[in-house]
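Q: I would like a close look at a single part of this structure, read together with its surroundings. Please explain each term as you use it.

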Number of protein chains: 2
Amino acid sequence: MSKKIESNPKDDGFRMPGEFEPHEGCWMIWPERTDNFRLGAKPAQAAFADVAHALSKYEPVTMLVSKSQYSAAKEVLEPQIRVIEMSTDDAWVRDTGPTFVINDVTGEVRGVDWRFNAWGGLLDGLYFPWDQDDKVARKICDIERKDYYSLEEFVLEGGSIHVDGEGTLIVTETCLLHESRNPQLTKNEIEETLKQYLNVEKIIWLPEGIYLDETNEHVDNIIHYVAPGKVVLAWTDDVNDPQHAMSLKAYEMLTGTTDAKGRSLEVFKLHIPNTVLVTQEESEGVDIVDGTKPRDEGDRQAASYANFYIANGAVILPVFNDEQYDKLAIDTLQRAMPDHRIVPVYAREILLGGGNIHCITQQQPKG
Amino acid sequence: MSKKIESNPKDDGFRMPGEFEPHEGCWMIWPERTDNFRLGAKPAQAAFADVAHALSKYEPVTMLVSKSQYSAAKEVLEPQIRVIEMSTDDAWVRDTGPTFVINDVTGEVRGVDWRFNAWGGLLDGLYFPWDQDDKVARKICDIERKDYYSLEEFVLEGGSIHVDGEGTLIVTETCLLHESRNPQLTKNEIEETLKQYLNVEKIIWLPEGIYLDETNEHVDNIIHYVAPGKVVLAWTDDVNDPQHAMSLKAYEMLTGTTDAKGRSLEVFKLHIPNTVLVTQEESEGVDIVDGTKPRDEGDRQAASYANFYIANGAVILPVFNDEQYDKLAIDTLQRAMPDHRIVPVYAREILLGGGNIHCITQQQPKG
């Protein structure tokens, strides 16, 4: 029902809307990898369900679930969650799902299906194989009867891009220029592809993302566009933390440039939580599997409050039972987004799998 | 997204529409059981694809495909076919999919999820297990965001019922009263359940169906409601064929009764094809598996032209390269349905799996 379109969104008058624009709904994937999520993924499943239930108060949520987990997921999820069977390799629909683009004249919504290689393929990827993940975008488009653009050769994850919907894209150099993604392309060629497929004019390249982020520092863990001209930035005041220099470079880049409309950016500093380390118990709950990145005791997690999801009228915000910074994050975000309700969800079990709430969600814009 | 409704369609003002009423689309399942379909199910897949492609000219078609066959099916199916991943035990969505009911006042469509036990469970069923098949109805409702009624204890297959949408239901005693379905219920109790869940007032019980039909003689292989008051009946003039007496009993029942509106039924005799026997080559192409009904050389198949599908404005009719009866069937059906285009599809490979075009399709009525 959904067919592959051979042109590109820019030529067809489609653009990727900002996440803060109206949604038709949100997609998620049920976690189950026991070599990534501890204790048979049960604690992660509970956390994903918390996110889905919180989200479903603001927009329709579809949860994609494998054959083997289907009945278990149906049991845990409230009936307002649409559950559809789908095979995947892991649960990060931000990176494996389609990037939806819209045509403001006709109202049509289409998908963009990037190549997915598990954040780095055989060179640098986090697991093998990833063939099921690479089908997720097209399968979602088929379910929704949306036509799609498919880039056979261009590797990209949805978590490595943030747009304002008005011509500006923000990315990180560490990820998009990493040799495990598109080493055959120059930076200019990558820019050209992004301009065509997201329909943007200006690309802001942050040098780096969040310290030790295993996605090669996805942009969605360090910043979030909350409105055109308004960005929140993961930050730390601790000059001895390696994150300080990384966030400072991003801050200087963001405040030293203008967006596609020529506007200066308003930057809200969103202080990161106190360092989150994997405990012995947490590490021991994860299956050791050849080819999958291990989860070792003492590993610092790339914890950041910027990895939230903007739903219709609300923000689903990861929190960490951090007495010092959770409340500050909520207050900062409420200041940046005065018209949105800030809904905190305890997200340590998601973080332990290598991402957070933005990584496990994918908005479908309203047509 | 779709929730279970605890009442029943009759109490809520829903009824099962006739198949000849307008459709939103049609559901199918991709065949792959190598213990039921010969040569790795490849010839059956080609036939199912023929049906899907023919059908898709008249209404949207969704094909449900397992993880392992997903890429293969996508390759064969034309892009107008919506392909959705789903685990099943076999490919008979008439029997495993939901029976849709509509509310003529609100336009709402809901599903009825009967219990499925592979045409007889451990007593008389055709394969084991059938747990994935028994989830198909609810999964389809979830995809379509349709609420559904679920009968935890009542076994029924969609192929064992035919309605006129105006209060009349036709079934066979051999199937519905078989001890492998609902032996705990009396005929009266079965009638009461059907009246509630299909919203019918009159049930016409044919004594039997098609000779050697492994479904315990489903009604959809011997008759088809083509309009209120109009039925086609599989027939043979050969008095030495066991089918003759079976069809005669049905003819006498149909012509000797009236429907829920008090009308006599107009019955069109649709002559069956010449006897179809499994060849040695066909039998040898099927894997022998414990617990699955074997396909032996010389087995007579329950071939019938009545096992067609009524799409929006067309009939997809199984034919068998039978020089004597194919043309007669087309002509008879065109006489019975003068406003529909009759589209013949060669269906021997479907028949060899134990059913035909009506068995592998499930209409979703327009709300």
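A: In this predicted model, helix H6 of chain B is followed by B:Arg145, whose phi is positive, near 55°; helices here are DSSP runs of H or I with at least four residues, strands are runs of E with at least two, and both are numbered from the N terminus. The counterpart in the other copy reads alike, with A:Arg145 following H6(A) and having a positive phi, near 55°. For background, most residues other than glycine have a negative phi, and most peptide bonds are trans.

Residues are numbered from 1 along each chain as its sequence is written, while chains are lettered from A and ligands numbered from 1 in the order in which they are written. Local features need pLDDT (the predictor's confidence in each residue, from 0 to 100) of at least 70, and side-chain atom pairs count only at 80 or more, whereas totals for chains, interfaces and linings use all residues.

The helix itself, H6 of chain B, runs over residues 136-143, and seven of its eight residues are buried, so this helix is largely enclosed by the rest of the structure (buried means that 20 or more other C-beta atoms, placed from the backbone, lie within 10 Å of the residue's own; exposed means 12 or fewer, and partly exposed lies in between). The buried positions are B:Val136, B:Ala137, B:Lys139, B:Ile140, B:Cys141, B:Asp142 and B:Ile143, a set in which the charged side chains of B:Lys139 and B:Asp142 stand beside nonpolar ones. In chain A, H6 likewise has seven of its eight residues buried, so that it too is largely enclosed, and the buried positions there are A:Val136, A:Ala137, A:Lys139, A:Ile140, A:Cys141, A:Asp142 and A:Ile143.

On the way into H6, the loop between helix H5 (121-124) and H6 of chain B contains B:Pro129, which is joined to B:Phe128 by a cis peptide bond with an omega of about -5°. Chain A has a cis peptide bond between A:Phe128 and A:Pro129, also with an omega of about -5°, and A:Pro129 is found in the loop between H5 and H6 of that chain. Further back, A:Trp119 lies in the loop that links strand S7 (109-115) to H5 of chain A; its phi is near 60°, a positive value in a residue other than glycine, and with 27 other C-beta atoms within 10 Å this tryptophan is buried.

H6 also has a place in the interface. In all, 17 residues of chain A are in contact with 17 residues of chain B, where contact means that two C-beta atoms, placed from the backbone, lie within 7 Å. On the side of chain A that touches chain B, the elements giving two or more residues are strand S5 (82-85) and H6, and S5(A) gives the most, with four residues. Of the interface residues of chain A, 100% are also interface residues in chain B, so the copies meet through the same surface. Chain A can be laid on chain B with an RMSD of 0.0 Å by a turn of 180° and a shift of 0.0 Å along the axis, and the two copies are thus related as by a two-fold rotation axis; the superposition is by least squares on the C-alpha atoms of residues with pLDDT of at least 70 in both.

As for the setting of the helix, the secondary structure of chain A comes to twelve helices and 18 strands, and the C-alpha atoms fill a box of roughly 50 × 50 × 40 Å along the principal axes. Buried residues make up 52% of the 367 residues in chain A, and residues 24 or more positions apart account for 74% of the contacts in that chain with a separation of 6 or more.

How far may these details be trusted as a prediction? The mean pLDDT of chain A is 97, with 100% of its residues reaching 70 or more, and the model scores ipTM 0.92 and pTM 0.95.
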